[in-house]
Amino acid sequence: GLGELHEHLRRKSGGAPADGCPEVIRVEHLWGRIHDIIIKTLVSAGAHITRLQEALPPQNQGQCFELFGFDILVDAQGEPWLLEVNILPSMESSSSLDYEVKSGVTTDMMNMLLLQIHDRVPNVKLPERSPGSVLRRFEEEAHYRGNFDLLFPTASAVPQYRRYFTYPSRYDALLWDWVARKDAAAGSPQATRELRDSLAKAP
């Protein structure tokens, strides 16, 4: 699993360099580069993903999700390279380790989805998402994400990646502002409580 890979790289960084390998593979740098690849890849596909979602029947919009599988190769210099992104990654288990990893992914994903059951009434458009409902959903997903890492949007990531959004949606701007406000309030319990209260009352 990822834990074993992490530990392997840490042991390697403390040992003698192999032929063609750097003396130290910086684990934090490696994960930062992998995160960078994932964010940029999804930003580049964001408009296409949105169009696919908007093409769904109205009653299904907001009730869909996608699990992407990123195949990343780490070269001898400790640099990651994106090989491909699978839109239907296999979730079958062929070993106990495979089962442990994939069952954890599936459990956390289903918890984070917070699926709601609606009557199967055709051609009924659900109420448009309000700013308050979008922010509350964002916070609920973050709360139930389990071992998933939130890569974007975060207060540190937004300034770095927002320039890659050619046409940010109003929900993008809403979430970017929200994570910045949360970060600004993080050092003050009173400011944090006020922010939570405002979220609870937001329409």
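This report walks through the fold, the cores and the charged pairs of one protein model.

## What you're looking at

The model is predicted, so local features need pLDDT of at least 70, side-chain atom pairs count only at pLDDT 80 or more, and totals for chains, interfaces and linings use all residues. Residues are numbered from 1 along each chain as its sequence is written, and side-chain values use heavy atoms, with hydrogens and water left out.

## The overall layout

There are eight helices and two strands here. Both kinds of element are DSSP runs numbered from the N terminus: helices are H or I with at least four residues, and strands are E with at least two. Going along the sequence, you meet them in the order α-α-α-β-β-α-α-α-α-α.

The protein has 203 residues, and 19% of them are buried. Buried means under 20% relative accessible area, exposed means over 50%, and partly exposed is in between (1.4 Å probe, protein chains only). The accessible surface is about 14,300 Å², with 55% of it belonging to carbon and sulfur atoms; such areas come from the Shrake-Rupley method with a 1.4 Å probe, and for residues only the protein chains shown count as cover.

## The hairpin

Strand 1 (residues 69-74) runs antiparallel to strand 2 (residues 80-86), and six bridges pair them. For two strands to count as paired, DSSP has to find at least two bridges between them. Together they make a hairpin with five residues between the strands, and Gly78 in the turn has a positive phi of about 80°. Across the pair, Ile72 stands opposite Leu82.

## The cores

The largest nonpolar core holds 17 residues, and Leu135, Phe138, Leu175, Trp178 and Val179 touch the most other members. The elements giving two or more residues to this core are helix 2 (27-44), helix 5 (131-143), helix 6 (158-161), helix 7 (170-185) and helix 8 (189-201). Helix 7 gives the largest share, six residues. Apart from this core lies another one of five residues, including Val27, Trp31, Ile34 and Ile38. As for the term, a nonpolar core is a set of buried Ala, Val, Leu, Ile, Met, Phe, Trp, Tyr and Cys residues joined through side-chain atoms within 4.5 Å.

## Around Val179 and the cis proline

Leaving aside neighbours within four places in sequence, Val179 is in contact with Phe138, Pro153, Thr154, Ala155 and Val158. Contact means heavy atoms within 4.5 Å. Pro153 sits in the loop between helix 5 and helix 6, and a cis peptide bond with omega of about 0° joins Phe152 to Pro153.

Thr154 belongs to the loop between helix 5 and helix 6 and is buried, at 18% relative accessible area. Its side chain reaches the backbone nitrogen of Ala157 at 3.1 Å.

## Charged pairs

The structure has seven salt bridges, each being a side-chain nitrogen of Lys or Arg within 4 Å of a carboxyl oxygen of Asp or Glu. In helix 2, Asp36 takes part in two of the pairings: with Arg33 (3.5 Å, N to O) and with Lys40, where the closest N and O atoms are 3.3 Å apart. Arg33 and Asp36 are three residues apart, about one turn of the helix. Asp36 is buried, with a relative accessible area of 12%, while Lys40 is partly exposed at 35%. Arg33, Asp36, Lys40 and Glu79 are linked in a network of salt bridges.

Helix 5 has a pair too: Arg137 and Glu141 form a salt bridge, their closest N and O atoms being 2.9 Å apart. These two are four residues apart in helix 5, so about one helical turn separates them. Arg137 is partly exposed at 22% relative accessibility, and Glu141 is partly exposed at 30%.

Definitions and conventions: Polar contact = N/O pair within 3.5 Å; in protein donor to acceptor, adjacent residues only side chain to side chain.
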